[in-house]
Amino acid sequence: GIEAARGEADDLKRITGISPKLEQRLNDAGVFHFWQLADLDADHTNALDRQLKLKGQVAREDWVGQAKKLVEATAA
């Protein structure tokens, strides 16, 4: 993760499965932007999932895929 958002933080709650409480936990872990989730490889996805004790939720709900679509939509 990073220490603080670069510019304005993204609304991570736009990703299915991320609640306001979980968004705060992601921010605490240094995740503020869709691109951060979109760039995760399998090892980092699993590490984030373990760190937040989500029991496979990150992969199950395809946060990486959802984040990639949001990054593409923002860039368009």
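A residue counts as buried when its relative accessible area is under 20%, as exposed when that area is over 50%, and as partly exposed in between. By this scale D62, at 43% relative accessibility, is partly exposed. The structure described here is a predicted model, and the classes just given recur throughout the account of it.

The overall architecture comes first. The protein contains 5 helices and 0 strands, and from the N terminus on its elements follow the order α-α-α-α-α. Its radius of gyration is 11 Å, close to the 11 Å that the globule rule gives for 76 residues, so the protein is as compact as a globular protein of that length. Taken along the principal axes, the box filled by the C-alpha atoms is roughly 35 × 25 × 20 Å. Of the 76 residues, 39% are buried. Among contacts with a separation of 6 or more, 56% are between residues 24 or more positions apart.

The surface and the charges complete this general view. The accessible surface of the protein amounts to about 4900 Å², and carbon and sulfur atoms contribute 50% of it. The protein carries 11 positive and 13 negative charges, and the mean positions of the two sets lie 6 Å apart.

Two buried hydrophobic positions may serve as points of entry to the interior. L26 belongs to helix α1. Its relative accessible area is 0%, and L26 is therefore buried, the limit for that class being under 20%. Apart from residues up to four places away in sequence, L26 touches L12, I18, V31, L48, L52 and W63. One of these partners, L12, is 14 residues from L26 in sequence, and the C-alpha atoms of the two are 8.7 Å apart in space.

V64 offers a second view, from helix α5, which spans residues 63–75. With a relative accessibility of 12%, V64 is likewise classed as buried. When residues up to four places away in sequence are not counted, V64 touches L37, A38, L40 and T45. The C-alpha atom of V64 is separated by 8.9 Å from that of Q36, a residue 28 positions away along the chain.

A charged residue is also found among the buried positions. D49 lies in helix α3, and its relative accessibility of 9% places D49 in the buried class because the limit is under 20%. Leaving aside neighbours within four places in sequence, D49 is in contact with L54, K55, G56, Q57 and V58. Its C-alpha atom is 12 Å from that of V31, and 18 residues separate D49 and V31 along the chain.

The discussion now turns to the pairing of charged side chains. Side chains of opposite charge can pair when their charged atoms come close. Across the whole structure, a search identifies 2 salt bridges. In one of them the side chains of K13 and D11 meet, with a nitrogen-to-oxygen distance of 3.0 Å; this separation satisfies the criterion of within 4 Å, and the pair therefore counts as a salt bridge. Both residues are partly exposed, K13 with a relative accessible area of 37% and D11 at 36% relative accessibility.

K13 also forms a salt bridge with E23, the distance from N to O being 2.8 Å. This pair links distant parts of the chain, since K13 is in the segment before α1 (20–28) and E23 is in helix α1, 10 residues apart. E23 is buried, with a relative accessible area of 11%. Through shared partners, the salt bridges join D11, K13 and E23 into one network.

The backbone of two loop residues deserves separate attention. Most residues other than glycine have a negative phi. K53, a residue other than glycine, has a positive phi near 55°. K53 is located in the loop between α3 (42–51) and α4 (57–60), and it is exposed, with a relative accessible area of 67%. D62 has a positive phi of about 50° although it is not a glycine. The loop that holds D62 runs between α4 and α5. The partly exposed class assigned to D62 at the outset rests on its 43% relative accessibility.

Terms used
Residues are numbered from 1 along each chain as its sequence is written. This is a predicted model: local features need pLDDT of at least 70, side-chain atom pairs count only at pLDDT 80 or more; totals for chains, interfaces and linings use all residues. Side-chain values use heavy atoms; hydrogens and water are left out. Buried means under 20% relative accessible area, exposed over 50%, partly exposed in between (1.4 Å probe, protein chains only). Helices (H or I, at least four residues) and strands (E, at least two) are DSSP runs, numbered from the N terminus. The radius of gyration is taken over C-alpha atoms; the globule rule is 2.2 Å times the number of residues to the power 0.38. Contact means heavy atoms within 4.5 Å. Accessible areas come from the Shrake-Rupley method with a 1.4 Å probe; for residues, only the protein chains shown count as cover. Lys and Arg count as positive and Asp and Glu as negative; His and the chain ends are not counted. The place of a charge is taken as NZ of Lys, CZ of Arg, CG of Asp or CD of Glu.
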